[in-house]
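Here is a short guided report on a two-chain model, meant to be read with the structure open beside it. Please rotate the view as you go.

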Amino acid sequence: MRAIVTVIGKDKVGIIASLSNILANCNVNILDISQTTMQDVFTMIMLVDISGLSISFSDLAVQLEKKGIEIGLSVSIQHEDIFNSMHQI
Amino acid sequence: MIRPFEIIETIKMIQEENLDIRTITMGISLRDCCSHDGNIARQKIYDKITRLAANLVKVGEDIEKEYGIPIINKRISVTPISLIAESSDEEDYVKFAQTMDKAADAVGVNFIGGFSALVHKGYTNGDKKLIQSIPEALSITKKVCSSVNLATTKTGINMDAVREMGQIIKKSAHLTSDSGGLACAKLVVFANAPEDNPFMAGAFHGIGEPECVINVGVSGPGTVKCALAKVKGADFETVSETIKKTAFKITRIGQLVAREASNRLGVSFGIVDLSLAPTPAIGDSVAYILEEMGLEKCGTHGTTAALALLNDAVKKGGTMASSFVGGLSGAFIPVSEDAGMIGAVVDGALSIEKLEAMTCVCSVGLDMIVVPGDTSAETISAIIADEAAIGVVNNKTTAVRIIPAPGKKVGDMVEFGGLLGSGPVMKVNQFSSKEFIDRGGRIPAPLHSLRN
């Protein structure tokens with residue numbers, strides 16, 4: 001099972017460090033990271049493997065969201081199927 | 001891997017453009033709940049609904065969290081109650097509505113549909129009793145929705161039922177006069193009612209449906225409007241292509257959610273309904289899509305053509321995205337639930353007559369229309385007859401959900417709250433239709449119903 005973590009906002013020091021820390025604690029493996037600036041907005045997208053997830057998906061979502069608020073960025077996690085089904089036939 | 005801009009596009013659609021799944025509706029057959037004793041029948045109904053739908057809300061919420069897509073409503077539709085209740089010797093079916101309400105509360109859904117009767121060719125004893133119970137049933141329950149199908153292309157129009165429903169709507173409004181006639185917002189009169197519609201108030205579980213089924217209604221007028229804003233001034237080919245592509249994306253999410261919900265609940269997947277359903281939220285309006293196409297106000301000349309294009313393009317885009325399409329599948333134009341429609345009525349751009357014309361080219365019909373409280377039952381019946389005629393002759397579903405708001409006059413606003421929104425009171429034709437409605441009987445099926 002794979003999911004996509006999306007980070008949107010203003011670039012700053014330590015985004016990856018703080019998020020990967022949470023992911024590592026929950027036994028989530030980061031498979032790929034890409035980051036770009038789109039229309040002046042910093043966007044980071046992580047593809048993660050959640051098959052070994054040690055807590056519930058919704059708890060992880062809450063933790064990431066909280067961290068996002070703490071560092072002033074919008075952070076969300078969604079199952080990758082929603083993007084696959086919308087953009088790939 | 002999916003490209004970053006596609007991920008951002010999806011997130012934007014959800015966060016900024018109000019893309020959501022409007023409803024996951026579980027259809028439940030109650031055909032094995034009949035009994036000569038009403039109490040036994042009601043116990044069976046309650047037990048069956050609460051057993052099959054026990055996890056519906058939880059599964060909906062789980063999917064919502066995991067996929068990051070809001071699922072606004074979780075609902076239930078059941079076999080038309082007249083078919084179940086008529087095995088009992090009871091005269092009054094209000095208690096059946098109370099049982100439905102109680103079961104809906106127990107499982108946490110926000111509406112339950114199916115306090116319904118199918119009388120397009122005539123009444124059974126149970127149909128008569130059910131229809132007579134509607135006003136009280138809808139005034140004392142909170143979550144029960146009712147519908148009556150009184151015409152089909154195959155059978156014509158049951159004008160006795162048309163006459164009676166005018167009276168029933170008046171009575172329902174009267175019994176809920178302190179809330180603006182709210183009971184009428186939970187009552188739909190249909191021609192060619194679909195048996196797998198997931199949307200309220202007209203959802204019921206048709207007699208050809210399986211034991212239990214999941215139907216999903218998508219939404220997303222805001223997403224379509226935003227996509228059109230990017231092709232300002234382009235020709236209609238571009239407009240149509242843009243709507244098709246957007247509808248495809250929206251429907252793919254509906255299909256994903258429907259499959260996932262039916263897997264997790266262990267229930268068969270029915271259909272995805274491709275309707276563009278607006279909400280009172282700013283930016284989630286079908287009227288704004290039509291205005292984005294270049295109309296100063298929804299309701300002006302050109303509105304019917306714009307709506308026809310929209311409706312057709314949504315279907316073309318959506319059909320390919322889902323393995324089973326059904327329900328109403330078309331743009332909804334409920335006045336009180338659509339900020340742009342409300343604005344158009346207030347500004348004098350949109351009238352009942354124009355809405356009637358618009359119903360010829362989109363799904364549903366005159367939906368959430370508030371009219372003056374002193375509108376006669378015969379006038380309401382005549383409005384129903386007109387809509388039924390449009391449905392019957394054009395081989396399509398039409399419906400009327402009309403609220404004669406007690407004590408209100410043209411220009412007043414009536415607040416229903418929540419998704420039902422608030423409706424401006426609209427003008428109706430002042431000339432009488434009484435003698436026409438008093439005739440009764442049936443209007444025969446049109447010639448093109450003879451297809452065999």
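The text below goes through the two chains, their contact, the core, two helices and a few backbone details.

This is a predicted model, in which local features need pLDDT of at least 70 and side-chain atom pairs count only at pLDDT 80 or more, while totals for chains, interfaces and linings use all residues. Residues are numbered from 1 along each chain as its sequence is written, and chains are lettered from A and ligands numbered from 1 in the order in which they are written.

**The two chains**

Let us begin with chain A, which has 3 helices and 4 strands; helices (H or I, at least four residues) and strands (E, at least two) are DSSP runs, numbered from the N terminus. Along the sequence, the order in chain A is β-α-β-β-α-β-α. Its radius of gyration is 13 Å, close to the 12 Å that the globule rule gives for 89 residues, so chain A is as compact as a globular protein of that length. The radius is taken over C-alpha atoms, and the globule rule is 2.2 Å times the number of residues to the power 0.38.

Chain B has 15 helices and 13 strands. The radius of gyration of chain B is 21 Å, close to the 22 Å from the globule rule for 452 residues, so chain B too is as compact as a globular protein of that length.

The table puts further values for each chain side by side. Two terms are needed for it: a residue is buried if 20 or more other C-beta atoms lie within 10 Å of its own, exposed if 12 or fewer, and partly exposed in between, with C-beta atoms placed from the backbone. Two residues are in contact if their C-beta atoms, placed from the backbone, lie within 7 Å.

| Chain | C-alpha extent along principal axes | Buried residues | Contacts with a separation of 6 or more that join residues 24 or more apart |
|---|---|---|---|
| Chain A | roughly 35 × 30 × 20 Å | 30% of 89 residues | 66% |
| Chain B | about 65 × 55 × 50 Å | 61% of 452 residues | 80% |

**Where the chains meet**

The contact takes 22 residues from chain A and 19 residues from chain B. On the chain A side, the elements that give two or more residues are strand S1 (2–9), strand S2 (29–38), strand S3 (41–49), helix H2 (57–71), strand S4 (74–79) and helix H3 (81–87). H3(A) gives the most, with 7 residues. The chain A residues on this side divide into 9 nonpolar, 11 polar and 2 charged. Here Ala, Val, Leu, Ile, Met, Phe, Trp, Tyr, Cys and Pro count as nonpolar, Asp, Glu, Lys and Arg as charged, and the others, Gly among them, as polar.

**The nonpolar core**

A nonpolar core is a set of buried Ala, Val, Leu, Ile, Met, Phe, Trp, Tyr and Cys residues joined through C-beta atoms within 7 Å. The largest one has 177 residues, and those touching the most other members are A:Val5, B:Ile112, B:Leu150, B:Ile214, B:Val257 and B:Ile402. Helix H9 (residues 236–265) of chain B supplies the largest share of this core, 10 residues. Leaving aside neighbours within four places in sequence, the contacts of B:Ile112 include B:Ile76, B:Val78, B:Met100 and B:Val144.

**Two helices of chain B**

Helix H6 (residues 125–140) of chain B has 16 residues, which at 1.5 Å a residue should span 22 Å, and its end C-alpha atoms are 23 Å apart, which agrees. The expected span is 1.5 Å times one less than the number of residues. H6(B) bends by about 45° at B:Ile134, and a proline, B:Pro135, follows within four residues; the bend is the angle between axes fitted to the seven residues ending there and the seven starting there. Among the buried residues of H6(B) are B:Leu130, B:Ile134 and B:Leu138. The buried residues of H6(B) pack against several elements of chain B, including helix H5 (94–107), strand S4 (144–152) and strand S6 (187–191).

Helix H14 (residues 377–393) of chain B has 17 residues and an expected span of 24 Å, and its end C-alpha atoms are 24 Å apart, which agrees. H14(B) is mostly covered, with 13 of its 17 residues buried.

B:Ala191 lies in strand S6 of chain B and counts as buried, with 30 C-beta neighbours inside 10 Å. Not counting residues up to four places away in sequence, B:Ala191 touches residues including B:Leu150, B:Ala388 and B:Thr398.

**Backbone details**

B:Asn395 has a positive phi of about 60° although it is not a glycine. B:Asn395 is found in the loop between H14 and strand S10 (398–405) of chain B, and with 14 C-beta neighbours inside 10 Å it counts as partly exposed. B:Met368 also takes a positive phi, about 50°, without being a glycine; B:Met368 is in strand S9 (residues 366–372) of chain B and is buried, with 25 C-beta neighbours inside 10 Å. Finally, the peptide bond from B:Met200 to B:Ala201 is cis, with omega near 10°.
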